[in-house]
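Work through the exercises below with the model open. Try each task before you read its solution.

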Amino acid sequence: MTQATSRSSELFERALQAMPGGVSSPVRAFRAVGGTPLFVDHAKGARLTDADGNTYLDFVMSWGPLILGHAYPKVTEAIAAQVTRGTTYGAPHVAELELAELVRDCYPTAERVRFTSSGTEAAQSALRLARAATGRARIVKFDGCYHGHCDAMLVAAGSGAITFGEPSSAGVPNEVAELTSVVPLDDEDAIRDLMKQHGHEVAVIAIEPVPANNGLLLQRKEFLQLLRDLCDEYGAMLLFDEVISGFRVGPGGAAALYDVQPDMVAFGKILGGGLPCAAFGGPEKVMSHLAPLGKAYHAGTLSGNPLAMAAGLAQISELASGEAHKRLEKLGRRLQTGVEKVLCDEDLPVRMVRIGSLFWFSFSAGDPPRRADEIPTSCAEPYAKFFHACLQRGVHLAPSAYEVGFLSTAHTEEDIDLAIEVFTASLREALA
Ligand SMILES: Cc1ncc(COP(=O)(O)O)c(C=O)c1O
């Protein structure tokens, strides 16, 4: 199997003339690993097939939404059943109500749910709501967490004092970035100090409770609990961005897993069953600040879109009992045990980090990192080799050392055993 296959290469050349970088989202361009992106022709279950007819065992799964696999029948049937009844109404409908109720049943903090079309929009709207509810402006986020591409979150820690952030993207004004403070993950002193100095200005502390956008930086429950306690002490809101972890680490997300309750939550990915859909939610008291009840504005032409609601309802209904997560945990454990045995036997300087159906290869020998600055930048080169070695062997991973892998219920034990073989052979090759 070849990586830069001719049809994909041709299409990519054409795409470069029509779209910036040839893509709709930057990481898809393979810049971090080199080579040419695969153009996907179709996908089913745990496999996708490119424009040249090569089929790959997929561990990207559209970056998380497809926890039941590609084109899962109950989801595609629900979409097909809805499509002839109308694709968008711009008015309330039953599936939207049922999905909101189902989310609330799974995630009790989300007493009220507002649907959006992307995770970015959900996070951004939750920040506005927190500012409206507290009457404060400052946002606190953590280095290594991603919350989408709204201006207030494209911010890096400022040099020197950590109070004022700096834009991490061109086009974000300094004046906006200065209202966001960026703190290292897993650093109790840093967040305590920040809140001691500025807690009375802080509207919201936002965190991915399972940080999965810059490696997989698993946090201690005690750290999440400290954030809860600090928010209570200083009257700030705690926002859990569960766009990845929501419905993935269990029906109740990271809040249930760690038994730490946020004031607000953002969902995305899995919620829409593979269609554009996300949501934010919280207790009635907080959500009542939102228009039309309150003065914090959020709206969306396609919010609560019937196709997305049908897909989401079909997918979340399959997940609500938690049975799927038990199977995913079993598959994840099988993968980790198999890979780690080889890493250990052959003393390879790589660790597999995993929580449920999320996994990540940490290219260093020590304990898995909990902070972004503990990931050695030297990981990019061996990862690029590893990535291409996997692709050559028919396994599709994310084209960046900092992105996680996703399992789905469509992966079988045989797929996992194949992955163990491919991962370990590719690691040997990459590290040789
Ligand atoms: C934790 C988290 N929050 C927000 C987002 C933004 O979601 P979207 O890409 O749907 O805008 C992402 C996307 O990967 C995410 O992982």
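**Exercise 1: a first helix pair**

Helices α2 and α10 are roughly antiparallel to each other, and the task is to show why. Keep in mind that the model is predicted.

Solution.
- Locate the helices: α2 covers residues 73–83 and α10 covers residues 306–319.
- Take the angle. The two pack at about 150 degrees, with their axes 8 Å apart.
- Apply the cut-off. Angles over 145 degrees count as roughly antiparallel, so α2 and α10 fall in that class.
- Add the handedness: α2 and α10 cross in a right-handed way.
- List the contact. From α2 come K74, V75, A78, I79, Q82 and V83; from α10 come P306, L307, A310, A311, A314, Q315 and E318.
- Sort these residues by class: 9 are nonpolar, 2 polar and 2 charged.

**Exercise 2: a second helix pair**

At what angle do α11 and α13 pack, and how far apart are their axes?

Solution.
- Find α11 at residues 323–345 and α13 at residues 413–431.
- Read off the geometry: the angle is about 30 degrees, and the axes lie 9 Å apart.
- Angles under 35 degrees count as roughly parallel, so α11 and α13 are roughly parallel to each other.
- The crossing of α11 past α13 is right-handed.
- Now the contact residues. Those of α11 include K330, R334 and L335. Those of α13 include E413, D417 and F423.
- The contact of α11 with α13 has 10 nonpolar, 2 polar and 5 charged residues.

**Exercise 3: an open space**

Which element gives the most to the lining of the second largest pocket?

Solution.
- Start with the volume of the second largest pocket, about 680 Å³.
- Count the lining: 33 residues, of which E96, A100, V113, R114 and F115 are the closest to the centre.
- Look for elements that supply at least two lining residues each: α3 (94–106), β4 (112–116) and α9 (284–287).
- α3 gives the most, with 5 residues.
- By class, this lining has 16 nonpolar, 10 polar and 7 charged residues.

**Exercise 4: a closed space**

Which residues line the largest cavity?

Solution.
- The structure holds 1 cavity of 30 Å³ or more.
- The largest cavity contains about 60 Å³ of space.
- Its lining is formed by F359, W360, F361, Y383, L397, A398, E403, V404 and G405.
- Strand β14 (residues 358–362) provides the largest share of that lining, 3 residues.
- The lining of the largest cavity splits into 7 nonpolar, 1 polar and 1 charged.

Definitions and conventions:
Residues numbered from 1 in each chain as written. Predicted model: local features only at pLDDT ≥ 70, side-chain atom pairs only at ≥ 80, totals over all residues. Heavy atoms only, no water. Axes fitted to C-alpha atoms, helices over the stretch in contact; angles between N-to-C directions. Helix = DSSP H or I, 4+ residues; strand = E, 2+ residues; numbered from the N terminus. Parallel < 35°, antiparallel > 145°, perpendicular 65-115°, else oblique. Left-handed = near helix turned anticlockwise from the far one by under 90°. Contact = heavy atoms within 4.5 Å. Nonpolar A, V, L, I, M, F, W, Y, C, P; charged D, E, K, R; others polar. 1 Å grid on protein atoms, 1.4 Å probe; cavity = no way out; pocket = protein on both sides within 12 Å on 5 of 7 lines; lining within 4 Å. Points joined across faces, edges and corners; volume = space filled by probe spheres on them.
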